[in-house]
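Grab the viewer and work through these exercises one at a time. Try each task before you read its solution.

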Amino acid sequence: MSDATLGGRFTFPGTALGVRRVGYGAMQLSGPGIWGPPRDPDAAIAVLREAVAAGVNHIDTSDFYGPHVTNQIIRQALHPYPANLVIVTKLGARRPADQSWQPAISPKDLTAGVHDNLRNLGLDALDIVNYRVMGSGHGTEEGSIAEQVSVLADLQREGLIRHIGVSNATATQVAEARTIVDIVCVQNNYNLVHREDEALIDDLNREGIAYVPFFPLGGFTPLQSSTLSSVAERLGATPMQVALAWLLHRSPNVLLIPGTSSVAHLRENLAAAELTLSQPVLHELNQIGATAAHASH
Ligand SMILES: NC(=O)c1ccc[n+]([C@@H]2O[C@H](COP(=O)([O-])OP(=O)(O)OC[C@H]3O[C@@H](n4cnc5c(N)ncnc54)[C@H](OP(=O)(O)O)[C@@H]3O)[C@@H](O)[C@H]2O)c1
């Protein structure tokens with residue numbers, strides 16, 4: 001399969017790890033509320049196998065999806081892993097029995113999290129681990145992450161983690177993390193409507209660091225916009241495909257990890273890489289975020 005497939009190739013800075021720009025996010029593979037087993041385990045396995053067969057070599061996951069369930073499904077579906085597959089996981093939370101999301105950020109928590117991921121994925125070392133900053137639930141929040149990033153750097157020196165990223169992080173936190181260790185990717189909330197990271201994306205691009213938007217399709221609140229629907233209709237594509245193509249056009253360091261539990265949606269999302277958006281169309285789509293930002297003030 002050629003490197004031009006799925007949006008072309010991106011190499012994480014300072015690493016030998018290359019991925020196609022359209023990847024897959026595995027969060028939708030556990031049960032409702034990202035808790036417990038999926039309703040249809042065979043379908044979850046089919047989605048993962050189809051993704052890899054189609055050329056996807058970047059899978060985003062976490063041991064707090066399920067918890068543990070999503071990683072176990074990835075292992076069941078794909079282990080032994082293809083040599084070129086990059087699995088990216090994240091640390092910083094735990095899921096108590098009430099199904100909430102709680103910070104798990106002590107050195108002991110983070111170290112245990114690495115071992116949980118290794119065991120459930122069936123790996124000796126994790127390709128990339130993001131430190132996921134937990135806030136109050138209203139987006140990113142300032143505050144030092146030096147202690148947690150230093151723990152990940154120690155685990156990297158031990159050989160359990162190959163490369164490090166950060167998630168749900170402010171530009172200040174990204175800069176702080178980069179004083180401690182090489183950061184290869186930043187995974188934050190960004191899509192056609194949610195556009196707070198515009199400057200950060202461009203800054204990271206200049207450094208060759210990947211920017212990986214989570215909720216690329218709007219996450220729990222799927223993107224809806226009359227402009228998006230009208231552009232999609234004109235292009236003979238679906239609104240979700242246009243939303244993903246817009247992200248691919250946004251900057252060469254943007255990598256996609258759309259999540260789905262459906263093979264049909266997966267195929268649709270991967271085909272978004274074939275869509276070319278003209279400058280006038282990009283301009284039209286850019287107004288969606290501008291309008292959303294205006295409406296929220
Ligand atoms: N770092 C973080 O804090 C963080 C937070 C959230 C997510 N993530 C990562 O980011 C990935 C992507 O985020 P996400 O899965 O939450 O949200 P998303 O990709 O924005 O959207 C997923 C939702 O869209 C639906 N969908 C997917 N493709 C579709 C299509 N072609 N047509 C219509 N609906 C479609 C899915 O339902 P179906 O299952 O029915 O397709 C699901 O409800 C996750 O899988 C996870 O790996 C990271």
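**Exercise 1.** Find the residue that stands opposite Lys-90 in S8, then work outward through the sheet.

*Solution.* Lys-90 faces Asn-130 of S8. Before going on, a word on the model: it's a predicted one, where local features need pLDDT of at least 70 and side-chain atom pairs count only at pLDDT 80 or more, while totals for chains, interfaces and linings use all residues. Residues are numbered from 1 along each chain as its sequence is written, and side-chain values use heavy atoms, with hydrogens and water left out.

Step 1: get the labels straight. Helices (H or I, at least four residues) and strands (E, at least two) are DSSP runs, numbered from the N terminus.

Step 2: look at the pairing around S8. S5 and S8 pair in the parallel sense over 4 bridges, and two strands pair if DSSP finds at least two bridges between them. S8 is also joined to strand S9 (residues 161-167) by 6 bridges, again running parallel. There, Leu-126 has Ile-161 in S9 as its bridge partner.

Step 3: go the other way, to strand S4 (residues 58-60), which runs parallel to strand S5 (residues 86-91) and is joined to it by 3 bridges. Ile-59 has Ile-87 in S5 as its bridge partner.

Step 4: put it together. The sheet is open, with 7 strands in the order S3-S4-S5-S8-S9-S10-S11 and parallel pairing. Strand S3 (24-25) and strand S11 (210-214) stand at the edges with a single partner strand each, so one side of each has no neighbour in the sheet.

**Exercise 2.** Why does strand S8 (residues 126-132) count as largely enclosed by the rest of the structure?

*Solution.* Start with the cut-offs: buried means under 20% relative accessible area, exposed over 50%, and partly exposed in between (1.4 Å probe, protein chains only). Now count along the strand: 6 of the 7 residues of S8 are buried, so the rest of the structure largely encloses it.

**Exercise 3.** Describe how helix H4 (residues 146-157) and helix H5 (residues 171-180) cross.

*Solution.* Step 1: their axes come within 9 Å and cross at roughly 40°. Axes are lines fitted to C-alpha atoms, for helices over the stretch in contact, and angles run from 0 to 180 degrees between N-to-C directions.

Step 2: classify the angle. Under 35 degrees counts as roughly parallel, over 145 as roughly antiparallel, 65 to 115 as roughly perpendicular and the rest as oblique. H4 and H5 are therefore oblique to each other.

Step 3: list who touches. H4 brings Ala-146, Val-149 and Ser-150, and H5 brings Glu-176, Ala-177 and Ile-180; contact means heavy atoms within 4.5 Å.

**Exercise 4.** Are Thr-70, Gln-241 and Asn-191 buried or exposed, and what does each touch?

*Solution.* Step 1: Thr-70 lies in helix H2 (residues 69-78) and is buried because its relative accessibility is 0%. Setting aside residues up to four places away in sequence, Thr-70 touches Ala-26, Leu-29, Ser-30, Thr-61, Ser-62 and Tyr-65.

Step 2: Gln-241 belongs to helix H8 (residues 239-250), and its 12% also counts as buried. With the sequence neighbours up to four places away left out, Gln-241 touches Glu-268, Ala-271, Ala-272 and Leu-275.

Step 3: Asn-191 sits in the loop between strand S10 (183-189) and helix H6 (198-207). At 4% it counts as buried, and its contacts beyond four places in sequence include Phe-215, Trp-246 and Leu-247.
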